[in-house]
Amino acid sequence: MKNKKFITLGFFSVALSLSFVLSSTLFAKDATSKKASTETSRLEALSKFTKVLGIVEEYDVDKVTIEELIDKALKGMMENLDAHSNYLTEEDYKHLQVQTNGEFGGLGITVGMRDGALTVISPIDGTPADKAGLKAGDIILKINNKSTLGMTIDEAVSLMRGKVGTPIDLTIVRKGENKPLSIHIVRDIIKIESVHTKSVGKDILYIRVSSFDKKVVHDVKKAIKKKKTTTKGIILDLRNNPGGLLDQAVGLVDLFVNKGVIVSQKGRRKVETKEYSAHISNTITDIPVVVLINGGSASASEIVSGALQDHKRAVLVGEKTFGKGSVQVVLPITKKEAIKLTIARYYLPSGRTIQALGVTPDIKVLPGELKTFENEFAIKEADLKQHLQKELEKVDGKKSKTKEDKKDKKDIITPKMLQKDVQLKEGVDIIKALIITKG
């Protein structure tokens, strides 16, 4: 019986071993077959491409060299991947290097492709474009009478950049306008001061971040610490902020959030997949926060607003953001040429993507001015003497000099300023409510 038992077990072991060997062989054959099939498909595709090149080179009405055909093919391939990938010719590559390393005259706008149209993501505060009246969402139809249809972002940027003091004319289409507008701008050196702070009343700190340069986290942290004893609420204004450095966006969120994922980056390759988390050691405040956003808020500013929203750390007020949540790198293919390729996308803590979707505010508020009707003579008894003094000075032709007039208003937001900015006023009202709720 024992021998039979051992024989049976022996047969079972041999059968099992054979099945493993056969399975491994089958899997290996299957993998080899798939690899061979993929290789065949690649060769067929490359053969088709070569055949088309040969036909065009031989029969096209215009004599086109093989080098020109390859450049056109590469350009078409890269542009059809997504709105931000493209092939950089020798000239394009030079322009990109000047943009990254050199000093040049510009307009002060960030542009992107939306539905195939060259669109202004946002004008940067205080730049020639901002002063000339360009707005987020404007579609650029022409640059100096040259149509932008079919033009890449890099080509457009190259045309808009030029010597300081030289003029440029943009033809734009703007929502709400019956016909295209012509905007004349003079190029200048673009100097950006990214962080501005003001006070609203005694206990609200207003922080405007216009772009994410390398000093944003340092400057915001400094502003919060300076007013920490009196501040009960913060308004973070990211409207018309086109983005910038990822580490500054992560660092800014980290000032308000003490744990959890801030943003993740996911690509096909493992090296492109990363996760950025908050650290309690970097968090400096837990007071209520309101974030102002609009269609000109893009990239890094979408990461900040979306992460604060997902962590329920801030109330978002304004309009839906632009929707730029992808990562591009420039990869040289020769010493003189390169490709700009999208290698990953950003995902917010909840797992949602920013790309093409943007961030939706908790409370939608359109931009505009608050219309008020004031009766100058409807005054309280306590103000009567002061009011009559003002009226007397008007009659005498003298300017009334009150304490409010003497006070420097550069660092405060007055009630009159709030009336001219509905989104900001709504943000102030919400932060006041949050301060009361927190107690």
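Is Asn 145 buried or exposed? This and related points are taken up in the note below, which concerns a predicted model.

1. **Asn 145.** With a relative accessibility of 68%, Asn 145 counts as exposed. The residue lies in the loop that joins β5 (139-143) to β6 (146-147). Its phi is positive, near 70°, although the residue is not glycine. As background, most residues other than glycine have a negative phi.

2. **Other positive phi values.** Asn 240 also deserves mention, since its phi is positive at about 55° and it is not a glycine. This residue is placed in the loop between β12 (233-237) and α7. Asn 240 has a relative accessibility of 21% and therefore counts as partly exposed, the limit for buried being under 20%. A further case is Lys 312, which follows α8 and has a positive phi near 55°.

3. **Overall composition.** The chain comprises twelve helices and 19 strands. Of its 439 residues, 37% count as buried. Among contacts in the chain with a separation of 6 or more, 67% are between residues 24 or more positions apart.

4. **Helix α8.** How many of the eleven residues of helix α8 are buried? Ten of them are, so this helix, residues 300-310, is largely enclosed by the rest of the structure. The buried set consists of Ala 300, Ser 301, Glu 302, Ile 303, Val 304, Ser 305, Gly 306, Ala 307, Leu 308 and Gln 309. The cover over these buried residues includes one helix, α7, together with the strands β12, β13 (261-267), β15 (289-293), β16 (315-318) and β18 (338-347). The reviewer may note that Glu 302 is listed among the buried residues of α8.

5. **Helix α5.** Helix α5 (residues 153-160) has six of its eight residues buried, so it too is largely enclosed by the rest of the structure. The buried positions are Ile 153, Asp 154, Ala 156, Val 157, Ser 158 and Met 160. One of these, Asp 154, also appears among the contacts of Asn 86, as described in the next point.

6. **Asn 86.** Strand β1 (residues 86-88) contains Asn 86. The relative accessibility of Asn 86 is 5%, and the residue therefore counts as buried. When neighbours within four places in sequence are set aside, Asn 86 is in contact with Met 78, Asp 154, Ile 339 and Lys 340. Of these partners, Asp 154 is a buried residue of α5.

7. **Packing of α6 against α7.** The axes of helix α6 (residues 216-226) and helix α7 (residues 246-254) come within 8 Å, with a crossing angle of roughly 25°. The two helices are therefore roughly parallel to each other, because angles under 35 degrees are classed in that way. On the α6 side, the residues involved are Val 216, Val 217 and Val 220, which meet Gln 248, Gly 251 and Leu 252 of α7. By class, this contact has four nonpolar and two polar residues, and no charged residues. In general, an α-helix has 3.6 residues a turn, so residues three or four places apart point the same way.

8. **Helix α1 and the residues that follow.** Two residues of helix α1 (residues 2-59) are of interest, beginning with Val 56. Val 56 has a relative accessible area of 30%, so it is partly exposed. The C-alpha atoms of Val 56 and Ile 66 are 9.3 Å apart in space, and these residues are ten apart in sequence. Leu 53, likewise found in helix α1, counts as buried because its relative accessibility is 13%. Leaving out residues up to four places away in sequence, Leu 53 touches Ile 66, Leu 69 and Ile 70. The C-alpha atoms of Leu 53 and Ala 73 are separated by 9.2 Å, the two residues being 20 apart along the chain. Ile 66 thus enters this description twice, as a contact of Leu 53 and as the residue paired with Val 56 in the C-alpha distance.

9. **Aromatic rings and charge.** How many aromatic pairs does the model contain under the rule applied? The count is zero. A ring does, however, take part in an arrangement with a charge: the charged end of Lys 266 sits over the ring of Tyr 347, at 5.0 Å from the centre of that ring.

Conventions: Residues numbered from 1 in each chain as written. Predicted model: local features only at pLDDT ≥ 70, side-chain atom pairs only at ≥ 80, totals over all residues. Heavy atoms only, no water. Axes fitted to C-alpha atoms, helices over the stretch in contact; angles between N-to-C directions. Helix = DSSP H or I, 4+ residues; strand = E, 2+ residues; numbered from the N terminus. Parallel < 35°, antiparallel > 145°, perpendicular 65-115°, else oblique. Contact = heavy atoms within 4.5 Å. Nonpolar A, V, L, I, M, F, W, Y, C, P; charged D, E, K, R; others polar. Buried < 20%, exposed > 50% of the residue type's maximum accessible area, 1.4 Å probe, protein only. Phe/Tyr/Trp six-rings, centres within 6.5 Å; stacked < 30°, edge-to-face > 60°. Lys NZ or Arg CZ within 6 Å of the ring centre and 35° of its normal.
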